[in-house]
Amino acid sequence: MRIGVVTFPGSLDDRDAARAIRLAGADAVALWHGDHDLHGVDALVLPGGFSYGDYLRAGAIASLSPIMTEVIDAANKGMPVLGICNGFQMLTEAHLLDGGLIRNDKGRFICRDQGLRIENNASDWTNGFEANAEIVIPLKNGEGSFMASAETLKALEGEGRIVARYLDNPNGSLNDIAGVTNARGNVVGLMPHPEHAVEAGFGPDTDAAMASGVDGLVFFTSVIARALVGA
Amino acid sequence: MPTIVVEVMPKAELLDPQGKAVAGALGRLGQTQSALANVTGVRVGKRFEISLDGETDAATLAAVRELADSVLSNSVIEDVVGIHVQDAPSTAVA
């Protein structure tokens, strides 16, 4: 399986995302924001960072990049797309996911290991988790507070489209929402960073050992498993 | 040079952490400057000035309105609160 990672001006975690994809067992394909070419990949990751310095709104200018025409088209046809942090912000700005992200409620940039509960283990990116699995992956952002209208929240809740909820809400996100998916379950956006918890020695601390947390790897093995089932 | 001004504010019902931080600082100033003592809140928004060649006809204005809704603001978190035309880009008040 070939999974593309799009690099935008100001992307920071594109290499980490590519590494996570390789550790999960797929080929990582570097894609460029200015191209109109997905190079035949089977799935896509929009990585974290601060594209265009968060000018206008976080993710807003990147969501208008040339490659986003192809990304939106592929997503609408069912290609699995994972947006992490700034990538999640891009997916909301591109109207592939509902809601929006605003500045954290206390105005602080938050960088810490974050506990989450996976509430939708049917999406293309979360099918490898047990129901209501509790995981820990890093969180690092200044604008991660999830907002949506009461009507949208009701739809997200009612349709089981909340992928992950914070165990302890760090930023004022409505309904403790850390990640959501679309109706089809192929597009997932997540503020915390699964790609930083994929290899023992470099992940969050666990009860077993320092830096041994690899909970993030399941997002990437999930999409590979889903592709194998579909093949 | 005609300039179209677009003003965008965070939605009133959403927390505006930036405005809140500024309001907090003004509150501290208010302890020493009595003229600021009755400030009850601050909200921070954005102002875009779009400069154009030639006249701003109805079609141009309509296109900018569309741009304001689709690009300059995100209706999930913000509202466009004003669009108007002025003769030139703004300069400092006297």
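Trainee: Which residue does A:Leu116 stand opposite in strand 7 of chain A?

Mentor: In this predicted model, A:Leu116 faces A:Ile135 of that strand. Another bridge there ties A:Asp113 to A:Pro138.

Trainee: What makes strand 6 and strand 7 of chain A count as paired?

Mentor: Pairing takes at least two bridges. Strand 6 (residues 110-118) and strand 7 of chain A are joined by eight, so they pair. The two run antiparallel.

Trainee: How many bridges link strand 6 of chain A to strand 9 of chain A?

Mentor: Three bridges, again in the antiparallel sense, with strand 9 covering residues 162-166. With a minimum of two, that is a pair as well. One of the partnerships is A:Ile118 with A:Ala164.

Trainee: What is the strand order in the open sheet of chain A?

Mentor: The order is 2-1-3-4-11-10-9-6-7, nine strands with mixed pairing.

Trainee: And why are strand 2 and strand 7 of chain A said to stand at the edges?

Mentor: Strand 2 (27-32) and strand 7 (134-141) each have a single partner strand, so one side of each has no neighbour in the sheet. Going from one strand to the next, the twist averages 25°.

Trainee: Where does helix 3 of chain A lie?

Mentor: Helix 3 lies across strand 3, strand 4 and strand 11 of chain A, and runs at about 120° to strand 4.

Trainee: What makes helix 3 of chain A "mostly covered"?

Mentor: A residue is buried once 20 or more other C-beta atoms lie within 10 Å of its own. In helix 3 (residues 86-93), eight of eight residues are buried, so the label fits. The buried set includes A:Asn86, A:Gln89 and A:Glu93 along with A:Phe88, A:Met90 and A:Leu91. Their cover includes strand 3 (43-46), strand 4 (81-84), strand 5 (100-102) and strand 11 (187-190) of chain A. Just past the helix, A:His95 adopts a positive phi of about 65°.

Trainee: Which residues touch the most other members of the largest nonpolar core?

Mentor: A:Ile21, A:Leu44, A:Val45, A:Leu91 and A:Leu190, in a core of 72 residues. Take A:Leu91: beyond four places in sequence, its contacts are A:Leu46, A:Gly83, A:Leu96, A:Leu97, A:Val187 and A:Gly189. There is also a second, separate core of five residues, B:Ile4, B:Val6, B:Val64 and B:Leu72 among them.

Trainee: How do you know whether chain B is a compact globule or not?

Mentor: Set the radius of gyration against the rule: a compact globule of 94 residues would come out near 12 Å, whereas chain B has 17 Å. By that yardstick, chain B isn't one. Its C-alpha trace spans about 50 × 35 × 15 Å along the principal axes, and 12% of its residues are buried.

Trainee: Which elements make up chain B?

Mentor: They run β-α-β-α-β from the N terminus, giving two helices and three strands. Among contacts in chain B with a separation of 6 or more, 73% join residues 24 or more positions apart.

Trainee: How many residues does each chain bring to the contact?

Mentor: Chain B brings eight residues and chain A brings 13.

Trainee: What classes of residue are on the side of chain B that touches chain A?

Mentor: Six nonpolar, two polar and no charged residues. With six of the eight in that class, chain B's side is mainly nonpolar.

Note on methods
Residues are numbered from 1 along each chain as its sequence is written. Chains are lettered from A and ligands numbered from 1 in the order in which they are written. This is a predicted model: local features need pLDDT of at least 70, side-chain atom pairs count only at pLDDT 80 or more; totals for chains, interfaces and linings use all residues. Two residues are in contact if their C-beta atoms, placed from the backbone, lie within 7 Å. Ala, Val, Leu, Ile, Met, Phe, Trp, Tyr, Cys and Pro count as nonpolar, Asp, Glu, Lys and Arg as charged, and the others, Gly among them, as polar. Helices (H or I, at least four residues) and strands (E, at least two) are DSSP runs, numbered from the N terminus. The radius of gyration is taken over C-alpha atoms; the globule rule is 2.2 Å times the number of residues to the power 0.38. A nonpolar core is a set of buried Ala, Val, Leu, Ile, Met, Phe, Trp, Tyr and Cys residues joined through C-beta atoms within 7 Å. Axes are lines fitted to C-alpha atoms, for helices over the stretch in contact, and angles run from 0 to 180 degrees between N-to-C directions.
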